[in-house]
Amino acid sequence: MPDGAVPVLDVKNLKTVFRTRAGDIHAVNSVSFSLKPGELLGVVGESGSGKSVTMMSLLGLLPSPPAEVREGEVLLSGRDLLKATPEGLRKVRGREVGFVFQDPMTSLNPVFTVGFQIMEPLRKHMGMDRKRARDRAVELLELVGIPDARRRLKDFPHQFSGGMRQRVMIAIALACDPKVLIADEPTTALDVTIQAQILELVKELRQRLGMAIIWITHDLGVIAGIADRVAVMYGGQIVEHGPVREVFADAAHPYTRALLQTVPKLREPRADKLRVIEGQPPILGRQPTACPFRARCPHVFDRCHRENPPRRPIGNDHDTACFWNHRTGNPI
Amino acid sequence: MSGGRKKLVEVRNLKMHFPIVGGLLRRQVGAVKAVDDVTFDIYEGETLGVVGESGCGKSTCGRAVLRLYDITAGSIKIDGTEIGKMSQTQLRKLRPTMQMVFQDPQACLNPRMTVAAIIAEPLEEHGKLSGKDRLNRVYELMDAVGLNRNFANRYPHAFSGGQRQRIGIARALALNPKFIVCDEPIAALDVSIQAQVVNLLEELQDRFGLTYMFISHDLSMVKHIADRVAVMYLGKIVELAPREALYTNPLHPYTEALMSAVPEPDPAIEARVQRIILKGDVPSPANPPKGCNFCTRCPKVMDICHKIDPEFREIEPGHFVACHLHDATMPKTRTSADQTGAAPRPEHIQQGENA
């Protein structure tokens, strides 16, 4: 990754709130991150940690009401998407930023052929005529490894298997050569052998097309295999962020450390008992004024109940939001 | 390891075929062979892990073993009693010994019943306990699975996914069963909650001497919890072995590929893993290929695989495999993997270091 390159995507201090009858839910709290050209940023967290909501906030994909993006900047090549008009955003979605969702069945329209759905962005965004769009669609299907592509354009989504459908989704997302691809749990619904196929495909496509990717998942193994950098989310915040090798080898935040210890490893000797993180993730009913992990943290001390720790640098491009120093084992 | 231990569950040539009907007269035109001729034992007090991808028949197998279906063929003995052909009325008397924990804790709990009522229901159906004793038993079970007694009168929606799974486990334990089929009990839970539930299951096993059939697609978790592991592909068990033997020395090419596909939460290991990427998708169980079921995707496929379905044989003590690569191997004489003449095993880490 070229260091110091201008980020394609720069998110600053993003806050998203859901206004419900039962009160506000603070789903995303001051999230900041950047994405350099050609880089793959992994975002991990459990359900409810705010990872999907963050990404949907970027492109105005959340229904409003109840969602409200309260604060922040989302700079795509220097332009603030939060200030863009709905019309302007529509030009960005699919054109400059591609999206791949978790469930390939519900995100493809069952009553249109796959060919129509791949050609749609090409004709809308790129102004291609039918014939050129069809040729490009064949190219794209071949790119994502679907055999007999020209014939399969006429097939409907239900005629494809789960893995093949996810390939179609990736083809649609890549149709207009986006600068950024956001993949929200794209392999979670797939079996491991099919997941391995898709991961291999993404690695290969990255090398060939050189786009920047944000990959959301709860699977630490997937992140370890494909990401350059990783952001760990908990309670609507990024609690740790850094180069993937550093974060896995020298995790600083107690949540990251615990998460890495709770998952059993296939290629390492079996542990006698699995480590557990006691308790439940927080419900974000209030603007956080203290550390969101304090109720489950083994190293909690008085300061954690009073202040929400800001992210502080602890290494080269590695930072954590914690008052505890993992190297000395003492409060900072 | 299985020497003198008692077999609690003995399954022989179990088949579960679902008919496909068609035409004007609704005649049977085919069958989905969800479980096709599987044979295995489960020893008392052990956990048999069953792994495989979606559609391989692992859940059907678990349900068939408990006779939640009327099976197509085969024999199932639980604690010495043949239940394969029993009527549901007769089976009802045996239900207390065999219970099930389901995958989706949201769907398997009645939203209109309180937790106490859910856990007490099997006691009412089968037990002789009076009102007060029954409530005490419910409290006892709630303690055993780590639920707060004060929440006994709440409804399932008030609980988180992990807690709901605990309710499901308490219900399964209510009648002091010997054998519990756990069908993907952790698949719907978050990573940090999965470990809590798995530890609970292990603790309960030690305490009550339970025997588990643990069905899961998560190979890492099965490696943690199971004593022996069966790998299923397209309705058949392709390999069955003690945990260590299976994970260090997988003999079936499908087991190898499946294990190599599992991502490891460690970038250093990930960088060295040699992945075996399978081509294509699983064929339909309504129309399995001729010969070996895996022949359409197998990286080591031979001519014979397209013609003859390999036999499920014991290659080493306790290590069963159904693959023609091991046809020449005489049972129990094999000392190292190399003798099979097969390509080198993916001892991932070592292989990676040499490369």
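**Loops, helices and contacts in a predicted two-chain model**

Modeller: In this predicted model, Leu234(B) sits in the loop that runs between β9 (228-233) and β10 (236-242) of chain B.

Biologist: Is Leu234(B) buried or exposed?

Modeller: Phi of Leu234(B) is positive, near 50°, and the residue is not a glycine. A residue is buried if 20 or more other C-beta atoms lie within 10 Å of its own. Leu234(B) has 25 C-beta neighbours inside 10 Å, so Leu234(B) counts as buried.

Biologist: And is Asp177(A) buried or exposed?

Modeller: Asp177(A) lies in the loop between α6 and β7 (180-184) of chain A. Its phi is also positive, about 50°, although Asp177(A) is not a glycine. A residue with 12 or fewer such neighbours is exposed. Because Asp177(A) has 11 C-beta neighbours inside 10 Å, it counts as exposed.

Biologist: How are the axes of α5(B) and α6(B) oriented, roughly parallel or roughly antiparallel?

Modeller: The axes of helix α5 (residues 161-173) and helix α6 (residues 191-208) of chain B come within 10 Å and cross at roughly 20°. Angles under 35 degrees count as roughly parallel. Therefore α5(B) and α6(B) are roughly parallel.

Biologist: How many residues of that contact of α5(B) with α6(B) are nonpolar?

Modeller: On α5(B) the contact includes Ile169(B) and Leu173(B), and on α6(B) it includes Val197(B), Leu200(B) and Leu204(B). Four residues of the contact are polar and one is charged. The nonpolar ones number six.

Biologist: Which helix gives the most to the side of chain B that touches chain A?

Modeller: The contact takes 36 residues from chain A and 34 from chain B. In chain B, α6, α7 (219-225), α9 (253-261), α10 (267-272) and α11 (348-354) each supply at least two residues to that side. With six residues, the helix that gives the most is α6(B).

Biologist: Which helix supplies the largest share of the largest nonpolar core?

Modeller: That core has 192 residues, and Ala171(A) is one of those touching the most other members. Not counting residues up to four places away in sequence, Ala171(A) touches Ile118(A), Leu140(A), Leu141(A), Leu143(A) and Val144(A). The largest share, eight residues, comes from helix α6 (residues 162-174) of chain A.

Biologist: Which residue does Ser64(A) join through a cis peptide bond?

Modeller: The partner of Ser64(A) is placed in the loop between α1 and β4 (67-76) of chain A. Omega of the bond is about -5°, and the residue joined to Ser64(A) is Pro65(A).

Methods: Residues are numbered from 1 along each chain as its sequence is written. Chains are lettered from A and ligands numbered from 1 in the order in which they are written. This is a predicted model: local features need pLDDT of at least 70, side-chain atom pairs count only at pLDDT 80 or more; totals for chains, interfaces and linings use all residues. Axes are lines fitted to C-alpha atoms, for helices over the stretch in contact, and angles run from 0 to 180 degrees between N-to-C directions. Helices (H or I, at least four residues) and strands (E, at least two) are DSSP runs, numbered from the N terminus. Angles under 35 degrees count as roughly parallel, over 145 as roughly antiparallel, 65 to 115 as roughly perpendicular and the rest as oblique. Two residues are in contact if their C-beta atoms, placed from the backbone, lie within 7 Å. Ala, Val, Leu, Ile, Met, Phe, Trp, Tyr, Cys and Pro count as nonpolar, Asp, Glu, Lys and Arg as charged, and the others, Gly among them, as polar. A nonpolar core is a set of buried Ala, Val, Leu, Ile, Met, Phe, Trp, Tyr and Cys residues joined through C-beta atoms within 7 Å.
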